[in-house]
Amino acid sequence: MTNLNMPEMLKTQLTDFFYELHRTPELSNQEFHTTQKIKDVLTQYDIRILDLPIKTGLVAEIGHGEPTIVLRSDIDALPITEQADVAYVSEHQGVMHACGHDFHATAVLGTAILLKQQESTLQGKVRILFQAAEEVGTGAAELVQAGVLEQAQAVFGIHNDPTLEVGVVGCKAGALTAGVDRFAIHIQAKGTHAARPQDGNDPLLILANIINIFQTIVSRRLSSDENAVLSITQVHSGSTWNIIPDTAFLEGTVRSFDAETRQRIEQQIRQILEGLATTFNAKIDLDWQPGPPSVMNDEKWAQFALDTAQKSGFEPRVVKASPIGEDFSYYQEQVNGAFMMIGSGGPFPLHHPKFKVDERILIPTSLYLATLVQDALIEIQDS
Ligand SMILES: [Zn+2]
Ligand SMILES: [Zn+2]
């Protein structure tokens, strides 16, 4: 049990730090300055930083002995030109913190400072991750590879959620985000004069069939209690009005919430494409790019996160799974834990050029996470 509060000076420092990160966003795997800025603050508070073979991002550690808990934030931004109505608008042309990772990093930095101040009473060790490259889905796997989960007994992480009001912490047991797959399809057929289709093999007709039949996967091939989304998001073919082209291309994504459904959809996509290739006597190549699986919250830790939210002055809410992707799931493949959604007030969605985080949630989130990991250490020791 803890009774945390935060000195006004630290509140100001964190708020300024949040503005600073927001003004100077960096794309995935290029977060060099962001990493340095976080390192500077950690060093100022005498927090030890692990020596890891990573280019960007960093990992700090507070406390000693066992158990070990991992708390993760992410730090990268997006290739979006900011249009948000904030005084601390991005100064980097075409780059924006449109997913709120500046908030995640700052809130968790605040937690690190609070925990450092309580280090002598900490019942174990907290490893704090400032993870690079979340938006491209590779940062978590890289940190797992670097060994950041060694000896860890629980892992926690946050994302802001503009669909939830300020003051709400959302969580649920089981799948919280979607497994994300990306597919690209190249059709090789045979072009000809538009007036003589019998001399060629029309790739546009094949493309149209793919779009139609793919839409039967979710609507006709999954059961009513299964959940998935399939979207085709770009198609390209042709050059003018009187030529049937040789090739066509389409690309899209599948979002699903359990491993079995995910695998079945992939199989069906492959089967449909093989069938169409035979039917139309064309070459159809599938480039299947699996992304992170679903964030899968442990039942006990999800409840613990909600209970602690209430204790910390938030309104806990059991939320529905969201079809976004999140590479936090790679940590949970190894270690049980929970991922929480922090209400950030909207009205604009994540990845929108006008997206902004309501800054009132910054300090309460730092305090909440500090309480959460302190109590979780005690919980692990007691159980
Ligand atoms: Zn994002
Ligand atoms: Zn994000």
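This dialogue goes through two helix pairs and a zinc site in a predicted model.

User: At what angle do the axes of helix H1 and helix H3 cross?

Analyst: Angles over 145 degrees count as roughly antiparallel. The axes of H1 (residues 8-23) and H3 (residues 101-117) cross at roughly 150° and come within 9 Å, so H1 is roughly antiparallel to H3. The crossing is right-handed.

User: Which residues make that contact?

Analyst: H1 contributes Leu-10, Leu-14, Phe-17, Phe-18, Leu-21 and His-22. From H3 come residues including Phe-103, Leu-109 and Ile-113. By class, the contact of H1 with H3 has 9 nonpolar, 3 polar and 1 charged residues.

User: How do H5 and H6 pack?

Analyst: H5 (residues 203-221) and H6 (residues 259-280) pack at about 145°, their axes 10 Å apart. Their crossing is right-handed. Among the residues that meet are Ile-206, Ile-213 and Phe-214 in H5 and Ile-265, Ile-272 and Leu-276 in H6. This contact divides into 12 nonpolar, 3 polar and 2 charged residues.

User: Which protein atoms bind the zinc ion (ligand 1) as donors?

Analyst: Donors here are N, O and S atoms within 2.8 Å of the metal. For ligand 1 they are Cys-99 (SG), Glu-135 (OE), Glu-135 (OE) and His-351 (NE2), lying 2.0 to 2.5 Å from the zinc ion.

User: Why is the arrangement irregular?

Analyst: Four donors count as tetrahedral if all angles lie between 85 and 135 degrees. Around ligand 1 the 4 donor atoms subtend angles of 55 to 150°, which makes the arrangement irregular.

User: What does Cys-99 bridge?

Analyst: Cys-99 bridges the zinc ions ligand 1 and ligand 2, which lie 3.1 Å apart. Cys-99 is in the loop between strand S3 and H3, and His-351 in the loop between strand S16 and helix H9, so the pair ties together parts 252 residues apart in sequence.

How values were computed. Residues numbered from 1 in each chain as written. Chains lettered and ligands numbered in written order. Predicted model: local features only at pLDDT ≥ 70, side-chain atom pairs only at ≥ 80, totals over all residues. Heavy atoms only, no water. Axes fitted to C-alpha atoms, helices over the stretch in contact; angles between N-to-C directions. Helix = DSSP H or I, 4+ residues; strand = E, 2+ residues; numbered from the N terminus. Left-handed = near helix turned anticlockwise from the far one by under 90°. Contact = heavy atoms within 4.5 Å. Nonpolar A, V, L, I, M, F, W, Y, C, P; charged D, E, K, R; others polar. Parallel < 35°, antiparallel > 145°, perpendicular 65-115°, else oblique. Donors = N, O, S within 2.8 Å, 3.2 Å for Na, K, Ca; no water. Tetrahedral: all angles 85-135°; square planar, octahedral: opposite > 155°, others 65-115°.
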